[in-house]
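Hi,

Here is the structure I promised to pass on. Have a look at it first, and then read on for my notes.

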Protein chains: 2
Amino acid sequence: MDVLMTNTKDNILDAAERLFAERGYEATSMRAITSAAGVNLAAVNYHFHSKERLLQALFTRRLEMLNRKRMELMDAYEAEYGKRPIPIEKLVHALIEPMIDITGERPNSNKAFSVLLGRMYSSPHSSLDGILLSDIRNFAERFETAIRRSLPDIPPEDLYWRVFFALGATIHSLASSHLLQKISRGLCNPDDRKGAQEKLTAFIVAGLKTPTNPGLMKKRLSRTAKTDRGK
Amino acid sequence: MDVLMTNTKDNILDAAERLFAERGYEATSMRAITSAAGVNLAAVNYHFHSKERLLQALFTRRLEMLNRKRMELMDAYEAEYGKRPIPIEKLVHALIEPMIDITGERPNSNKAFSVLLGRMYSSPHSSLDGILLSDIRNFAERFETAIRRSLPDIPPEDLYWRVFFALGATIHSLASSHLLQKISRGLCNPDDRKGAQEKLTAFIVAGLKTPTNPGLMKKRLSRTAKTDRGK
DNA sequence: GTCTATATGGGGATAGAC
DNA sequence: GTCTATCCCCATATAGAC
């Protein structure tokens with residue numbers, strides 16, 4: 001905790017972030033991390049006590065950045081729109097843009113964490129559930145209030161599901177876009193972050209806005225459901 | 001390969017499927033698998049040669065079922081609509097329903113594989129990429145042709161991206177719905193498969209259908225983009 | 001704070017009896 | 001086909017010198 005503290009800790013965090021994203025948590029050894037970070041094997045246990053707490057420290061670091069960026073965007077939008085509903089496009093931007101653009105001190109470390117985030121969301125028994133939930137709680141409540149005001153005709157339960165689907169599409173596009181490139185035979189370029197984000201935003205906005213069908217929707221649901229939303 | 005063959009192999013596959021889904025591949029030991037399956041430790045290497053090939057065998061088994069179900073649905077829809085475009089709802093159904101409803105010989109084994117599938121899609125360096133891609137290739141080409149005919153105004157690249165987002169939302173809802181239950185404080189019930197599938201379908205259909213904005217879409221894209229879709 | 005050396009345990013895989 | 005016993009390696013974590 002010195003003011004001129006050596007950056008051993010950060011070196012370890014950066015290396016671990018990259019390797020966990022590439023190989024997964026279990027498949028990455030402490031030796032691989034310390035070797036990549038250029039530090040001694042024992043340094044990890046000295047600074048972080050254990051491998052698991054290294055992972056937690058790593059996530060806490062990024063999730064605080066993520067949360068802060070989201071909050072800043074919400075601040076700006078609420079200042080801009082006051083008591084009027086914030087457009088869905090803006091809300092979606094506050095939700096997903098910070099996930100896509102997590103920039104770190106080191107170049108390209110953001111991509112590593114994006115992939116890692118996708119990995120970790122798919123790991124039910126991880127010790128990170130608590131961290132994922134608690135670090136996001138503040139934003140989640142604020143976002144919930146805002147989106148309910150912007151989409152008053154969508155029932156709250158459906159809103160939760162839809163935001164959940166939106167996050168799934170986002171995480172998947174962060175974590176597995178290499179598959180898209182293969183399956184599209186190169187037509188889609190995952191490295192075009194901005195283009196992908198625009199397409200993703202359009203997809204999500206449409207999904208969030210679509211009117212709900214109150215009753216059974218088994219038969220021919222779309223052709224006739226052209227009732228325009230209020231607002 | 002006897003006709004009255006012992007079900008040791010299937011016991012191992014079922015146990016491995018469940019444990020891989022719960023704990024992840026790396027974190028699951030051969031000893032845990034054989035113990036859960038009630039077979040001897042050496043049986044895995046005898047029947048599957050290695051842990052990795054056990055995983056591959058497990059995926060091949062399920063993906064063949066998945067592919068077959070998708071193909072059957074496409075058969076039915078193509079027979080029903082002939083040369084006319086198949087409605088998007090139907091195409092989405094053929095895409096996601098088999099992923100949600102992978103039923104196995106044993107009860108609840110389907111849920112395990114759903115989670116595992118979500119896990120594995122997020123693992124870039126997995127030895128499963130080839131299996132995931134090749135087993136799906138036939139369906140993918142057929143689906144691609146069909147959706148282009150049903151959504152002729154969406155550029156092929158955008159279609160790829162949107163189907164990719166749709167799969168992301170689906171996989172995420174399979175793999176991480178436990179988080180949704182927590183964050184919604186019980187309002188959303190992930191065990192209601194049919195309800196979730198309806199909401200997911202509505203979300204995806206809207207996202208697939210939404211018109212593309214050819215130029216820059218930076219400023220105020222939604223309020224004015226009320227141009228009714230063709231079709 | 002950083003290093004070397006090592007304790008301690010569990011992992012995948014296999015040999016060889018039955 | 002199934003079992004026991006074991007090989008051999010690599011993992012995390014720590015003790016203790018510097």
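Which polar backbone atom is 3.5 Å from a phosphate oxygen of DNA strand D? The one to look for belongs to A:Thr28. Before you go hunting for it, keep in mind that this is a predicted model.

**DNA strand D**

A:Thr28 has company along this strand. A polar backbone atom of A:Lys51 is 2.9 Å from a phosphate oxygen of strand D. From the other chain, B:His47 uses a polar side-chain atom, which lies 3.0 Å from a phosphate oxygen of strand D. If you think in secondary structure, helix H2 (30–37) and helix H3 (41–48) of chain A, along with helix H3 (41–48) of chain B, are the elements that each give two or more residues to the surface near this strand.

In total, 15 residues are found around strand D, and the nearest of them are A:Met30, A:Arg31, A:Lys51, B:Asn40 and B:His47. Looking from the DNA side, 55% of the strand D atoms that come within 4 Å of the protein belong to sugar and phosphate. As for the character of the protein surface here, eight residues are polar, five are nonpolar and two are charged.

**DNA strand C**

Now for the other strand. There are 15 residues surrounding strand C, with A:Asn40, A:His47, B:Met30, B:Arg31 and B:Lys51 as the closest. Sugar and phosphate make up 52% of the strand C atoms that come within 4 Å of the protein.

Chain A brings side chains to the phosphates of strand C: a polar side-chain atom of A:Asn40 lies 3.1 Å from a phosphate oxygen, and one of A:His47 lies 3.0 Å from a phosphate oxygen. Chain B brings a backbone contact, with a polar backbone atom of B:Lys51 at 3.0 Å from a phosphate oxygen of strand C. The elements that give two or more residues to this surface are H3 of chain A, plus helix H2 (30–37) and H3 of chain B. The surface near strand C counts five nonpolar, eight polar and two charged residues.

**Lysines and rings**

Lys51 turns up again, this time for its side chain. In chain A, the charged end of A:Lys51 sits over the ring of A:Tyr25, at 4.5 Å from the ring centre. In chain B, B:Lys51 lies over the face of B:Tyr25, also 4.5 Å from the ring centre.

How many aromatic pairs are there over all chains? The search of the whole structure gives 15. One of them joins B:Phe20 and B:Tyr25, an edge-to-face pair with 5.2 Å from centre to centre and 65° between the planes. B:Phe20 and B:Tyr25 are both buried.

There is also an aromatic cluster that takes in residues from both protein chains. From chain A come A:Trp161, A:Phe164, A:Phe165 and A:Phe203, and from chain B come B:Trp161, B:Phe164, B:Phe165 and B:Phe203.

**The fold of chain A**

Chain A has ten helices and zero strands. It is 231 residues long, and 55% of them count as buried. Of the contacts in chain A with a separation of 6 or more, 72% are between residues 24 or more positions apart.

Two loop residues have a positive phi without being glycine. A:His49 has phi near 80° and is in the loop between H3 and helix H4 (51–81). Is A:His49 buried or exposed? With a relative accessible area of 52%, A:His49 is exposed, because the cut-off for that is over 50%. The second residue is A:Arg185, with phi near 55°, in the loop between helix H9 (177–183) and helix H10 (193–209).

**Two buried spots in chain B**

B:Asn67 is in helix H4 (residues 51–81) of chain B. Its relative accessible area is 15%, so B:Asn67 counts as buried, the limit being under 20%. Leaving out residues up to four places away in sequence, B:Asn67 touches B:Asp135, B:Ile136 and B:Phe139.

B:Ala21 is in helix H1 (residues 8–23) of chain B and is buried, at 4% relative accessibility. The C-alpha atom of B:Ala21 is 9.0 Å from that of B:Gly118, although 97 residues separate the two along the chain.

Over to you!

Conventions: Residues numbered from 1 in each chain as written. Chains lettered and ligands numbered in written order. Predicted model: local features only at pLDDT ≥ 70, side-chain atom pairs only at ≥ 80, totals over all residues. Heavy atoms only, no water. Phe/Tyr/Trp six-rings, centres within 6.5 Å; stacked < 30°, edge-to-face > 60°. Buried < 20%, exposed > 50% of the residue type's maximum accessible area, 1.4 Å probe, protein only. Lys NZ or Arg CZ within 6 Å of the ring centre and 35° of its normal. Near = heavy atom within 4 Å. Polar contact = N/O pair within 3.5 Å; in protein donor to acceptor, adjacent residues only side chain to side chain. Helix = DSSP H or I, 4+ residues; strand = E, 2+ residues; numbered from the N terminus. Nonpolar A, V, L, I, M, F, W, Y, C, P; charged D, E, K, R; others polar. Contact = heavy atoms within 4.5 Å.
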